[in-house]
Amino acid sequence: METLYSLFIFLFFIFLLYKILFHHTKNLPPAPFALPIIGHLHKLNKPLPLALQTLLSQYGPIVSLKFGCRSVLVVSSPSLIEECFTKNDIIFANRPKSMAGDHFTYNYSSYVWASYGDLWRILRRFTVVELFSSNSLRKTSAIREQEICRLLHRLYKVSACGKQKVDMKILISLLMCNVMMRTTVGKPCVDVEDEDTDAEKQLFSGFKDRFFPNLTMNICDFVPFLRTIGFKGIEKSMTKIQNTRDEFLQKLLDEIRVKGINRDEKRSVVESLLYLQELEPGVYTDEVIKSIMLVMFIAGVETSAVALEWAMSLLLNHPEILQKAKAEIDNYLGHERLLNDSDLINLPYLRCVVNETLRLYPPGPLILPHLSSEACIVGGFEIPKDTMLLVNVWAMHRDPNVWEEPSEFRPERFEEEQHELKFLPFGMGRRACPGAGMGTRMILLALGSLIQCFDWEHDGLDMSQRFGLSLSKAKPLAAICSPRQELVNLLSQL
């Protein structure tokens, strides 16, 4: 014990000497006092976005931190974010290595986590052209419309005889899961003929446990010694999760390979990738294909489901806004047909509702971390090489210096002006989320269809949030629905 105490005292004095000799020679951003070894980790005594918001309120919109051995830059103002992702965009185009990255990204071959370089450019080109271009979204519109019709049919069946309370969280999650599975591999996640809720929950629970485990910030990434001693079995748990994921993904991949590739324009994402594998086997390996499948499931299901649940909750909490959105849909469509993908461009207020939801409750309250490949200048401060950049979207979206009455749900604010630099639910720069268009379209179509076809009420709303991989509701949404009389005939024919 005495030896450990002496070692701690020695390290503390070495740390102080380092601070005296080197820290003040650089023009670094403001920073709280850091402890030896752990740096500022002791200040993260609440969910990371909230802890960083507290530090930003104390030190300003740019803060320099130490998470253990790693230097961290936190920014939350439009001008600083613009500087990071315009002038310094290439410098911050890399991702930091992590234990999760080592285990979950197939050796960083995922386009989300790949190092900035040739492989990233190839994968980015595939995602932009083959997955998320306007033409690609048009080809997959039938999948989105069919799955939404399936949801509407189900809601009509349970509420045709009167108002019915429904578990919207599970229904929304199943909707997003089925859309993404059909888009990616050509078959739904859950396809229960008799719509057995318990069976569906069990099947979806298996999918959720596999792809959305309850992971938080990993201290082993910042204090490497803890990784070498197997701290809390974190790495062992990650290995187990990845083995389960890989088995599931490989099975899906092999099923499609055995069945044969559909070569028409409506083929699934995996079929397109297997076709490219025939042309460039050295680039489109099985590992690369599985890494893309993994990103489609994680990014495409959770973020859209969470955003749609928040949007419904906000509308139920603001019935006057719900009525305004419904009136816009009725005035444009009437009651003779259901909303479809091509109608969305003509519903600007509905888009304002979704944008305002994403402002208040961005699915990713922190933009995925970036890493500086060389030293640069941000806000007049020197930022060293290998600094991890965190952009606190949550803090900026709720900053009264950036938004007027930021805590208010006011979709009309998106009618008044453009908000490019202060509204960043999907990130910014060359590593912004390429699926923003698809995700927004899915949320718009689902929300608009639910508004068009049903009357909604709530039986008490809990709007508290839970911070994790995404910003979800602490208490799942249960809502009371009944078919709109004007749409009964149409719904009965689904």
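The expected span of a helix is 1.5 Å times one less than its number of residues. Helices are DSSP runs of H or I with at least four residues, numbered from the N terminus. Helix α13 (residues 286-317) has 32 residues and spans 46 Å from its first C-alpha to its last, close to the 46 Å expected at 1.5 Å a residue.

The model is predicted: local features need pLDDT of at least 70, side-chain atom pairs count only at pLDDT 80 or more, and totals for chains, interfaces and linings use all residues. Residues are numbered from 1 along each chain as its sequence is written, and side-chain values use heavy atoms, with hydrogens and water left out.

**Helix α13 and its partner α14**

α13 is mostly covered, with 27 of its 32 residues buried. Here buried means under 20% relative accessible area, exposed means over 50%, and partly exposed lies in between (1.4 Å probe, protein chains only).

Two packed helices are described by the angle between their axes and the distance between the axes. Axes are lines fitted to C-alpha atoms, for helices over the stretch in contact, and angles run from 0 to 180 degrees between N-to-C directions. The axes of α13 and helix α14 (residues 319-333) come within 5 Å and cross at roughly 110°. α13 is therefore roughly perpendicular to α14, a term for angles of 65 to 115 degrees. Leu-315, Leu-316 and Asn-317 of α13 meet Pro-319, Ile-321 and Leu-322 of α14; contact means heavy atoms within 4.5 Å. By class, this contact has 5 nonpolar, 1 polar and no charged residues. Ala, Val, Leu, Ile, Met, Phe, Trp, Tyr, Cys and Pro count as nonpolar, Asp, Glu, Lys and Arg as charged, and the others, Gly among them, as polar.

**Helices α7 and α18**

α7 has 19 residues and reaches 27 Å from its first C-alpha to its last, close to the 27 Å expected at 1.5 Å a residue. Helix α7 (residues 141-159) packs against helix α18 (residues 436-453) at an angle of about 30°, with the axes 11 Å apart. α7 and α18 are therefore roughly parallel to each other, as angles under 35 degrees are classed. On the α7 side the contact includes Ile-148, Leu-151, Leu-152 and Leu-155, and on the α18 side Met-442, Leu-445 and Ser-449 are among the residues involved. In full, the residues of this contact divide into 10 nonpolar, 1 polar and 3 charged.

The buried residues of α7 include Ile-148, Leu-151, Leu-152 and Leu-155. In α18, Ser-449 counts as buried at 2% relative accessibility. Leaving aside neighbours within four places in sequence, Ser-449 is in contact with Ile-148, Leu-152 and Leu-339.

**The loops**

Pro-434 lies in the loop between α17 and α18. Pro-434 and Thr-127 are 307 residues apart in sequence, yet 7.0 Å apart in space, C-alpha to C-alpha. Beyond its neighbours within four places in sequence, Pro-434 is in contact with Tyr-111, Arg-124, Thr-127 and Phe-132.

Two loop residues other than glycine have a positive phi.

| Residue | Phi | Loop | Relative accessible area |
|---|---|---|---|
| Lys-232 | near 55° | between α10 (224-228) and α11 (234-259) | 72%, exposed |
| Glu-405 | about 45° | between α16 (393-397) and α17 (413-416) | 46%, partly exposed |

Methods
Helices (H or I, at least four residues) and strands (E, at least two) are DSSP runs, numbered from the N terminus. Angles under 35 degrees count as roughly parallel, over 145 as roughly antiparallel, 65 to 115 as roughly perpendicular and the rest as oblique.
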